[in-house]
Amino acid sequence: MDHKLFFPPEWYPQSAVQLTWPHAETDWAPMLDEVVPCFVAIAKEIIKRELLLIVCRDQMEVRQQLGDVEYDRILFREMETNDTWARDHGGISVFDEGVPTLYDFVFNGWGMKFPANYDNLITRRLVLMDTFAEEVLPANMQPFVLEGGSLETDGKGTLLSTVECLASVNRNEYLGQEQLEYHLKDIFGLERILWLHYGYLAGDDTDSHIDTLARFCSEDTIAYVQCSDPEDEHYEELKLMEEELQAFTQADGKPYRLIPLPMADEVRWEGERLPATYANFLIINGAVLVPFYNSEKDRIAAQTLRQAFPDREIVGINCLPLIKQHGSLHCVTMQYPEKFIRNNFQIDN
């Protein structure tokens with residue numbers, strides 16, 4: 001592959017967002033009544049602006065949970081699933097010389113921590129179910145293990161990621177950082193990769209996915225989690241991460257515009273600190289969906305992100321239920337750029 005590849009940023013016009021719906025055979029079983037309203041709230045905001053693809057075990061059950069919504073804006077696909085983290089088991093979209101191409105990487109449950117036998121097949125099954133437009137080229141990327149939450153692109157040849165995740169021995173154990181960089185540049189048409197060596201959140205199962213820590217908001221702007229409390233266990237690591245971000249420059253040598261997001265208030269459940277983060281927002285057509293945690297800092301995070309996205313509506317979604325399974329809003333979604341979903345399901349925006 002060559003550098004005519006285009007890896008679109010999240011703000012690129014979208015045709016759809018995928019949700020993989022919770023059910024009684026997932027880890028959500030004890031708290032379905034709590035988490036389903038969160039998925040419903042996300043779904044309703046998406047269908048205001050674009051198509052929603054729902055992967056689920058039982059379409060009729062999901063329809064009952066959604067209630068009265070515009071079903072002509074929802075595409076259901078029924079199949080078995082292990083869990084709900086579409087960001088990591090979903091296909092990753094690129095354009096190869098203008099041809100929409102869907103990468104299907106191996107998903108192994110974040111380094112074989114959790115079962116993923118069904119989730120690893122979701123993208124393949126979506127292709128077989130004629131979910132995508134005829135011109136979309138499916139690409140089987142086995143045996144490479146990769147999750148969408150570990151990648152942040154500016155759409156101009158720069159990738160932002162973490163060494164902790166991508167160099168994990170339970171993902172691609174035979175590849176060192178140099179080999180990883182070469183392979184990622186090749187398959188995504190990248191000019192450079194900005195590696196973060198620091199930064200983590202307590203309770204995170206992903207080995208420091210970048211989408212919990214720092215996010216591209218535009219070509220020149222990065223929003224990131226800042227910890228200002230020296231007593232917080234994250235203070236030293238996030239301070240070092242902040243220094244790394246301050247040292248990064250754009251391709252033209254100019255510094256990035258850095259927007260610090262507040263460290264979410266500590267949330268504990270069953271004696272464990274949960275990885276609450278405001279960096280786990282989702283950019284969709286015309287809006288940014290921001291995880292809220294029933295805290296005064298929710299308002300501060302929303303105001304901060306308005307600086308980064310002045311032309312988009314900022315919409316808060318209560319994600320306290322989501323972090324009980326160690327993820328948040330961005331983690332349960334995967335966007336597909338325009339031209340990726342079948343024409344008869346595309347929506348005018």
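Q: How many aromatic pairs does the structure hold?
A: This is a predicted model. The structure holds 16 aromatic pairs.

Q: Which kind of pair do Tyr-12 and Phe-95 form?
A: Look at two values, the centre distance and the angle between the planes. Planes under 30 degrees apart count as stacked, over 60 as edge-to-face, and the rest as tilted. For Tyr-12 and Phe-95 the centres lie 5.8 Å apart and the planes make 55°. That pair is tilted.

Q: What does the pair tie together?
A: Find the element that holds each ring. Tyr-12 is in the loop between strand S1 (5–6) and strand S2 (14–20), while Phe-95 is in strand S5 (residues 92–96), so the pair links parts 83 residues apart in sequence.

Q: Is Phe-95 buried or exposed?
A: Buried means under 20% relative accessible area. Phe-95 has 6%, so it is buried. Its partner Tyr-12 has 23% and is therefore partly exposed.

Q: Which kind of pair do Tyr-71 and Phe-76 form?
A: Tyr-71 and Phe-76 are stacked, with 25° between the planes and 6.3 Å centre to centre. Tyr-71 is partly exposed at 22% relative accessibility. Phe-76 is buried at 8%.

Q: What lies over the face of Tyr-71?
A: Arg-63 does, at 4.5 Å from the ring centre. Another such case is Arg-215, whose charged end sits over the ring of Phe-281, 4.4 Å from its centre.

Q: Which residues form one aromatic cluster?
A: Phe-7, Tyr-103, Phe-105, Phe-144 and Phe-188 do.

Q: What span should helix H10 have?
A: Use the rise of 1.5 Å a residue. H10 has twelve residues (297–308), so the expected span is 16 Å. Its end C-alpha atoms are 17 Å apart, which agrees.

Q: Which residues of H10 are buried?
A: Start with the general idea. An α-helix has 3.6 residues a turn, so residues three or four places apart point the same way. In H10 the buried residues are Asp-298, Ala-301, Ala-302, Thr-304, Leu-305 and Ala-308. They cover an arc of only 165° around the axis, so they lie on the same side of H10.

Q: What do the buried residues of H10 pack against?
A: They pack against five strands named here: S11 (214–218), S12 (221–226), S13 (257–262), S17 (287–292) and S18 (313–318).

Q: Where does Ile-187 lie, and is it buried or exposed?
A: Ile-187 lies in helix H8 (residues 177–188). Its relative accessible area is 3%, so it is buried. Its C-alpha atom is 28 Å from that of Ser-328, 141 residues away along the chain.

Definitions and conventions. Residues numbered from 1 in each chain as written. Predicted model: local features only at pLDDT ≥ 70, side-chain atom pairs only at ≥ 80, totals over all residues. Heavy atoms only, no water. Helix = DSSP H or I, 4+ residues; strand = E, 2+ residues; numbered from the N terminus. Expected span 1.5 Å × (residues − 1). Buried < 20%, exposed > 50% of the residue type's maximum accessible area, 1.4 Å probe, protein only. Arc of directions from axis to C-beta. Contact = heavy atoms within 4.5 Å. Phe/Tyr/Trp six-rings, centres within 6.5 Å; stacked < 30°, edge-to-face > 60°. Lys NZ or Arg CZ within 6 Å of the ring centre and 35° of its normal.
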